[in-house]
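Trainee: I would like to learn how to read a few features of a model, one at a time. Please give me the general idea and then the case at hand.

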Amino acid sequence: DRDVTGVQTCALPILIILGSGPNRIGQGVEFDYCCVHASFALRDAGFETVMINCNPETVSTDYDTSDRLYFEPLTWEDVTNVIEAEQRSGTVHGVIVALGGQTPLKLAGRLPGELILGTSPESIDLAEDRQRWSELCHRLGIPQPDGGTAVTVDEAAAIVERIGYPALLRPSYVLGGREIGRAHV
């Protein structure tokens, strides 16, 4: 279908899925699997599916996985441009960020909040910020291993002195075990 200006329009509501972006050694394909199956299920449910991903090695970038594929970097500027283009062609019902892993999760807070489907950017941040997560678990009475949050080596040493060795060192805002370390005597 085309509107009076000649712009192609869609009769179905559009859902945009942000893929996983470039994979690194050690990163699993589970994020791509989730994006692909979401696209299939959403198409079956009557949505027009749009995939944004830039990794040629993934199934989500196959030409027939989604109704449209934007082979673009997963940056705020590129994703925003795609959203705007899709809004001109039809009704964008929402953007799914929670299936593609860390790269789209980092974009969630910068995208229009009313378009994010699923977990809100605030809840994503709450779950990824280790200090905030620990405070939430404490308030709710959910037991967790002793730990702490440090931003300097001295702070980390004081925490390890309190909880003992071996200690797991893990940054906030990472999935899949990236940059995790162990400290032992």
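**Reading the model**

Mentor: Start with one residue: Ala158 has its place in helix H6. Keep in mind that this is a predicted model.

Trainee: Is Ala158 buried, partly exposed or exposed?

Mentor: Ala158 has a relative accessible area of 48%, so it is partly exposed. Exposed would require over 50%. For its position, take Gly148 as a reference: the two residues are 10 apart in sequence, and their C-alpha atoms are 9.4 Å apart in space.

Trainee: Now the pocket. What is the volume of the largest pocket?

Mentor: The general idea is that rolling a probe the size of a water molecule over the atoms shows where empty space is left. Here the largest pocket has a volume of about 860 Å³. Helix H5 (130-140), helix H6 (153-163) and strand E6 (167-169) are the elements that each give two or more residues to its lining.

Trainee: Which residues lie nearest the centre of the largest pocket?

Mentor: Arg130, Gly147, Gly148, Leu168 and Arg170 do, out of 24 lining residues. By class, the lining holds 12 nonpolar, eight polar and four charged residues.

Trainee: Next, the sheet. What is the strand order in the open sheet of five strands?

Mentor: In general, strands of a sheet pair through backbone hydrogen bonds, either parallel or antiparallel. In this model the order is E3-E2-E1-E4-E5, and the pairing is parallel. Strand E3 (68-70) and strand E5 (116-117) are the edge strands, each pairing on one side only.

Trainee: How many bridges join strand E1 and strand E2?

Mentor: Five bridges join strand E1 (residues 14-18) to strand E2 (residues 48-52), in the parallel sense. Within this pair, Ile14 of the one strand stands opposite Glu48 in E2.

Trainee: Glu48 is a charged residue. With which residue does Glu48 form a salt bridge?

Mentor: Its partner is Arg68, and the closest N and O atoms are 2.5 Å apart. The contact links distant parts of the chain, since Arg68 is in strand E3 and Glu48 in strand E2, 20 residues apart. Glu48 has 13% relative accessibility and therefore counts as buried, whereas Arg68, at 23%, is partly exposed.

Trainee: Which residues are linked with Arg68 in a network of salt bridges?

Mentor: The network links Glu48, Arg68 and Glu86. The side chains of Arg68 and Glu86 also meet at 2.5 Å, N to O. This pair again links distant parts of the chain: Glu86 is in helix H2 (residues 76-89), 18 residues from Arg68 in strand E3. Glu86 counts as buried because its relative accessibility is 1%.

Trainee: How many salt bridges does the count come to?

Mentor: The count comes to five. Another one of them joins the side chains of Arg132 and Asp125, at 2.5 Å from N to O. Arg132 has 25% relative accessibility and so counts as partly exposed; Asp125, at 26%, is also partly exposed.

Trainee: Last, the cysteines. Why is there no bond between the sulfurs of Cys35 and Cys34?

Mentor: A disulfide is a covalent bond between the sulfur atoms of two cysteines. The cut-off for calling one is 2.5 Å. The closest cysteine sulfur to that of Cys35 belongs to Cys34 and is 6.8 Å away, so the two are too far apart for a bond. The count of disulfides comes to zero.

Trainee: Are Cys35 and Cys137 buried or exposed?

Mentor: Cys35 is buried, at 0% relative accessibility. Cys137 is buried too, at 4%.

Note on methods
Residues numbered from 1 in each chain as written. Predicted model: local features only at pLDDT ≥ 70, side-chain atom pairs only at ≥ 80, totals over all residues. Heavy atoms only, no water. Buried < 20%, exposed > 50% of the residue type's maximum accessible area, 1.4 Å probe, protein only. Pairing = 2+ DSSP bridges. Helix = DSSP H or I, 4+ residues; strand = E, 2+ residues; numbered from the N terminus. 1 Å grid on protein atoms, 1.4 Å probe; cavity = no way out; pocket = protein on both sides within 12 Å on 5 of 7 lines; lining within 4 Å. Points joined across faces, edges and corners; volume = space filled by probe spheres on them. Salt bridge = Lys/Arg side-chain N within 4 Å of Asp/Glu carboxyl O.
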